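Biologist: Got a few minutes to go through this one with me? I'd like to start with a single residue and work outwards.

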Amino acid sequence: QKEKMASLRHSNHLRRLFFFWLVAIGALGLSSSPSRDCTAWFKANGGVAEAVRAAPVDGAGWGLITTRPVSKGEDLTVTPHDLCFASEPAGDDYPKDMSPAGIVATKILEAKKRIGATTGRTPTTGIIPDMTPYLESLPLERFLPVLWPDEEATELLFGTQTLASREEVLRDWSEDHALTTPDFCDWDDWRDANAVVMSRGYNVETLGYAVVPFLDYVNHDDRPTAKVVDDGRAVKLVALRDLPADTQIFATYSKNEPLDGLKMLQAFGWLPPEVATCNVDFVEALRVDDPMAAPKFELLIATGGRTVFTVDDRKSQQFNDACLDFCLEEAALPALRLAALRDEDEFKALLRNVADSKWFNNEDIGNDPLAVKVGVDLINRRLARIARGGNRRKDAVAKCQDKKIAYLAQATAAGEIKALGTLREALVVYGEKKFEE
């Protein structure tokens, strides 16, 4: 019995050793990850990141963490322009009709495939002799809807505006891909490169649209703790306040407004459960039998033609009400007044004022009760479309092997329903108020 107990203790000891060995190997795996290699490469090529490190963070992949206390105004990272993949200067080596994002994707693929060296092309900004450590650190952004398998995405997102948005992005990428030479890359590689650009790119003052190594580890928050600054030679991440050690750094991915749920999902592959977003295309409010439909269409497209509305339960009611008022007054009502306009003489008068854009914010144009009706009917059609796809989405979610993708598909449909319902209710209240007046 003593021998058995000794053997059991020895066995348990070995199990514990094996467990700690696995933990150690896992830790070593993190410390020798592509992130570590990228950091060494970054610093060896003139990059500065003395006060921060790249590390895994809960729910967001990787992030930037302070390694010591930092002061307001301190440079947290400095990325020389020569390390950036940038749309400018593009030069004559890239098609003039290609989008800035397409140019950046092309430069990334050139670096990956060493096409610049094999064709004798002179390297431009964004292509330096060896980008291997950085390129190997780039993850495949598999949670972006554009990278979901096409058939699965169609079923998971059936009836939603998110599906229409996905198809729109892929059409744009396909148009850029058609501008490349036939032997440059296949569609899968092109789509992967564009997904990297979409999820990691920044608008940089002197570089245009750019992927900025090491800066692209920083995560988003509507209340950032750092800002991106371009000084003409390097792109810097600058602290906005004093921060203690071991604090995650946040920047904002959208300059002048909170990040909406549609962009969160399409560009970054995440969607907080508290965020509900709908994208309303007012062109759909035009009647087929409207003799003024064509010029109305042109006017709507010229002024954006759509609005993105978000309800964010993480924010205050006052904040959400202000967003709703802005959406109604600056986007929805002007577009709906135009769509509902029936008087041809009034429309001709409106066309004469197009140049100064006063028509867009002129409440005297059209008929508000009719505009509200047109808007409510449009939203009802959108909600019905989502409802009709409910069973198909439910079946697809049940079959989906990836739980996060299944969650994202459910969350975006539920968010569209909530945001559309909120916008519809606001239109109805506005119509009732106008009726009383």
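Modeller: Sure, let's begin with Asp-246, which is exposed because its relative accessible area is 59%. The cut-offs are under 20% for buried, over 50% for exposed and partly exposed in between, with a 1.4 Å probe and protein chains only.

Biologist: Before we go on, what kind of model is this, and how are residues numbered?

Modeller: This is a predicted model: local features need pLDDT of at least 70, side-chain atom pairs count only at pLDDT 80 or more, and totals for chains, interfaces and linings use all residues. Residues are numbered from 1 along each chain as its sequence is written, and side-chain values use heavy atoms, with hydrogens and water left out.

Biologist: Fine. Where is Asp-246 found?

Modeller: Asp-246 sits in the loop between strand 9 and strand 10. Helices (H or I, at least four residues) and strands (E, at least two) are DSSP runs, numbered from the N terminus. Asp-246 also has a positive phi, about 60 degrees, although it is not a glycine.

Biologist: Which side chain does Asp-246 meet in a salt bridge?

Modeller: That's Arg-53, at 3.9 Å from N to O. The two come from distant parts of the chain, 193 residues apart, with Arg-53 in strand 1 (residues 52–57). A salt bridge here means a side-chain nitrogen of Lys or Arg within 4 Å of a carboxyl oxygen of Asp or Glu.

Biologist: And is Arg-53 buried or exposed?

Modeller: In between: Arg-53 is partly exposed, because its relative accessible area is 38%.

Biologist: Why would two side chains like that pair up at all?

Modeller: Side chains of opposite charge can pair when their charged atoms come close.

Biologist: How many salt bridges does the structure hold?

Modeller: There are 22 of them. Another one joins Arg-142 and Asp-402, at 2.3 Å from N to O. Arg-142 is in the loop between helix 5 (132–137) and helix 6 (150–156), and Asp-402 is in the loop between helix 14 (390–399) and helix 15 (403–436), so this pair ties together parts that are 260 residues apart in sequence. Arg-142 is partly exposed at 43%, whereas Asp-402 is buried at 18%.

Biologist: What about Arg-223?

Modeller: Arg-223 meets Asp-221 in a salt bridge, at 3.9 Å from N to O. Arg-223 counts as exposed at 65% relative accessibility, while Asp-221 is partly exposed at 23%. There's also a network of salt bridges that links Asp-75, Asp-231, Arg-233 and Lys-236.

Biologist: Back to the strands. Where is Ile-65, and what does Ile-65 touch?

Modeller: Ile-65 is in strand 2 (residues 61–66), and at 9% relative accessibility Ile-65 counts as buried. Not counting residues up to four places away in sequence, its contacts include Arg-53, Asp-246, Thr-247 and Gln-248. So both partners of that first salt bridge, Asp-246 and Arg-53, turn up here. Contact means heavy atoms within 4.5 Å.

Biologist: By how much are the C-alpha atoms of Ile-65 and Gln-248 separated?

Modeller: By 4.4 Å, although the two residues are 183 residues apart along the chain.

Biologist: New topic: backbone oddities. Which residues does a cis peptide bond join?

Modeller: Glu-88 and Pro-89, with omega about 0 degrees. Pro-89 lies in the loop between strand 4 (85–86) and helix 3 (100–113). Then there's Phe-214, with phi near 75 degrees, a positive value in a residue other than glycine.

Biologist: Is Phe-214 buried or exposed?

Modeller: Phe-214 is buried, because its relative accessible area is 1%. Its place is in the loop between strand 6 (208–211) and strand 7 (219–220).

Biologist: And Ser-165, where does that lie?

Modeller: Ser-165 is in helix 7 (residues 161–177), buried at 12%. Leaving aside neighbours within four places in sequence, Ser-165 is in contact with Leu-262 and Gln-266.

Biologist: Last one, the overall picture. How many helices and strands are there, and how many residues?

Modeller: The chain has 15 helices and 12 strands. It runs to 437 residues, of which 48% count as buried. Looking at contacts with a separation of 6 or more, 72% are between residues 24 or more positions apart.
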